[in-house]
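User: I'd like to go through this structure with you, one question at a time. Mind if I start with the exposed spots and work inwards?

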Amino acid sequence: MKVYFKNIYQTISTILIGMSITFRHMFQKKVTIMYPEQKLQLPERERNRLFVNMDDCIGCDQCAKACPVSCIEIETIKAVPGDIVGKTGTTSQGKKKALFVPKFTIDFAKCCYCQLCVFPCPTECIYMTDVFEFSSFTRDGLLYEFTDLTPEQAAEKRKKADEFAAEQLKKKELAAKEAAEKKAVAPPAVKPAEEPKKDTKPENNETKES
Ligand code: SF4
Ligand code: SF4
């Protein structure tokens, strides 16, 4: 009988304790938000997903070299004379663009958000954004491509660059051949006769002997 009443007492007292805590919290300031409809303000120096503005990228590879986990992959193609790289051929700061960038990938599955790639960029075209919600069901979904060239355009630029390089090599070889032929035909250079050495004996010696 004693246990029976003890159980009733414990049940009522625990309910009252729980209800009092709930009641108290009803009048306190809320600490949760309705994410994702509501979002917290990000800290000033947050690090999130990177973005590359390809209009300003000169393909210098500095960012990829600085990356400690090698998650940036860049391929470049040399522009041939007459080619305009990008929309204007220059960056927004007026720097000349001489390389096409057919591949610029960042693997965010490997990225550790250290931001080391951002600082060496000479044109400040790679930077952290405020995007932090980009989860994916596959690893491939975290491989981001930033190039603005289609595979067809890249293939065309590559072909043009190869043809130009082959042409330049041919010209170089031809010039070297012509120079070698000229050298073979030219008469041997005549060595000017050397002036005989003067007798360097001091004059006063002669007078002594006589
Ligand atoms: S933030 Fe760090 S890890 Fe990520 S791409 Fe840049 S250098 Fe590499
Ligand atoms: S450092 Fe900047 S300009 Fe150079 S390849 Fe990277 S993003 Fe492009």
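User: Let's start with Glu133: buried or exposed?

Analyst: This is a predicted model, so we're reading computed positions. Glu133 sits in the loop between β4 and β5. It has 9 other C-beta atoms within 10 Å, and a residue with 12 or fewer falls in the outermost class, so Glu133 is exposed.

User: How far apart are the C-alpha atoms of Glu133 and Asn48?

Analyst: Along the chain, Glu133 and Asn48 are 85 residues apart. In space, their C-alpha atoms are separated by 8.8 Å.

User: How much should I trust the model, and what's the average pLDDT?

Analyst: Of the residues, 90% score at least 70. The stretch to watch is 205-210, where pLDDT is below 50 and the model shows zero contacts beyond near neighbours in sequence. For the protein, the average pLDDT is 90.

User: In what order do the elements run from the N terminus?

Analyst: There are four helices and five strands to place. One of the helices is α1, at 2-26, with a loop between it and β1. From the N terminus on, the order is α-β-α-β-β-β-β-α-α.

User: Which strand do six bridges join to β2?

Analyst: Take Lys78 as a way in: its bridge partner is Leu99. The two paired strands run antiparallel. The partner strand of β2 is β3.

User: And how many bridges join β3 to β5?

Analyst: One spot to look at is Ile106, which stands opposite Tyr144 in β5. β3 and β5 run antiparallel. The bridges joining them number three.

User: Now the inside. Which strand gives the most to the largest nonpolar core?

Analyst: That core has 17 residues, and Val52, Cys57, Ile72, Phe100, Val101, Phe104 and Ile126 have the most contacts inside it. At least two residues each come from β1 (50-52), β2 (72-78) and β3 (99-107). With four residues, the top contributor is β3.

User: Is there a general reason why nonpolar side chains would end up together?

Analyst: In soluble globular proteins, nonpolar side chains tend to be buried together. Here, the protein has 210 residues, and the share that counts as buried is 10%.

User: Which residues does Ile126 touch, leaving out those up to four places away in sequence?

Analyst: Ile126 is among the core residues with the most contacts inside the core. Leaving out residues up to four places away, its contacts are Leu50, Val52, Cys63, Cys117, Val118 and Cys121.

User: What about the ligands: which residues come nearest to ligand 1?

Analyst: There are 14 residues around ligand 1. By class, the shell has 13 nonpolar residues, one polar and no charged ones. Coming nearest are Cys67, Cys111, Cys114, Leu116 and Cys117.

User: And which come nearest to ligand 2?

Analyst: Ligand 2 has 15 residues around it. That shell splits into 11 nonpolar, three polar and one charged. The nearest ones are Cys57, Cys60, Gln62, Cys63 and Cys121.

User: Back to the loops. Which residues does Thr147 contact, leaving aside neighbours within four places?

Analyst: Thr147 lies in the loop between β5 (143-145) and α3 (151-185). It's partly exposed, because it has 19 other C-beta atoms within 10 Å and 20 would make a residue buried. Met54 is 93 residues away along the chain, yet the two C-alpha atoms are separated by 6.6 Å. The contacts are Met54, Val101, Pro102, Lys103 and Phe104.

User: What share of contacts with a separation of 6 or more is between residues 24 or more positions apart?

Analyst: The contact between Thr147 and Met54 links residues 93 positions apart. Across the protein, the share for 24 or more positions is 77%.

User: Any backbone oddities? Which residues does the cis peptide bond join?

Analyst: Most peptide bonds are trans. The cis one has omega at about 5°, and Pro36 is in the loop between α1 and β1. The bond joins Tyr35 and Pro36.

User: What is the phi of Ser70?

Analyst: Ser70 is in the loop between α2 (62-66) and β2. It's exposed, since only 10 other C-beta atoms lie within 10 Å. Although Ser70 is not a glycine, its phi is positive, at about 50°.

User: And what phi does Tyr113 have?

Analyst: Tyr113 is in the loop between β3 and β4 (126-128). With 13 C-beta neighbours inside 10 Å, it counts as partly exposed. Its phi is positive too, near 55°.

Technical notes
Residues numbered from 1 in each chain as written. Chains lettered and ligands numbered in written order. Predicted model: local features only at pLDDT ≥ 70, side-chain atom pairs only at ≥ 80, totals over all residues. Core = buried A, V, L, I, M, F, W, Y, C linked by C-beta atoms within 7 Å. Contact = placed C-beta atoms within 7 Å. Near = placed C-beta within 6 Å. Nonpolar A, V, L, I, M, F, W, Y, C, P; charged D, E, K, R; others polar. pLDDT = per-residue confidence, 0-100. Pairing = 2+ DSSP bridges.
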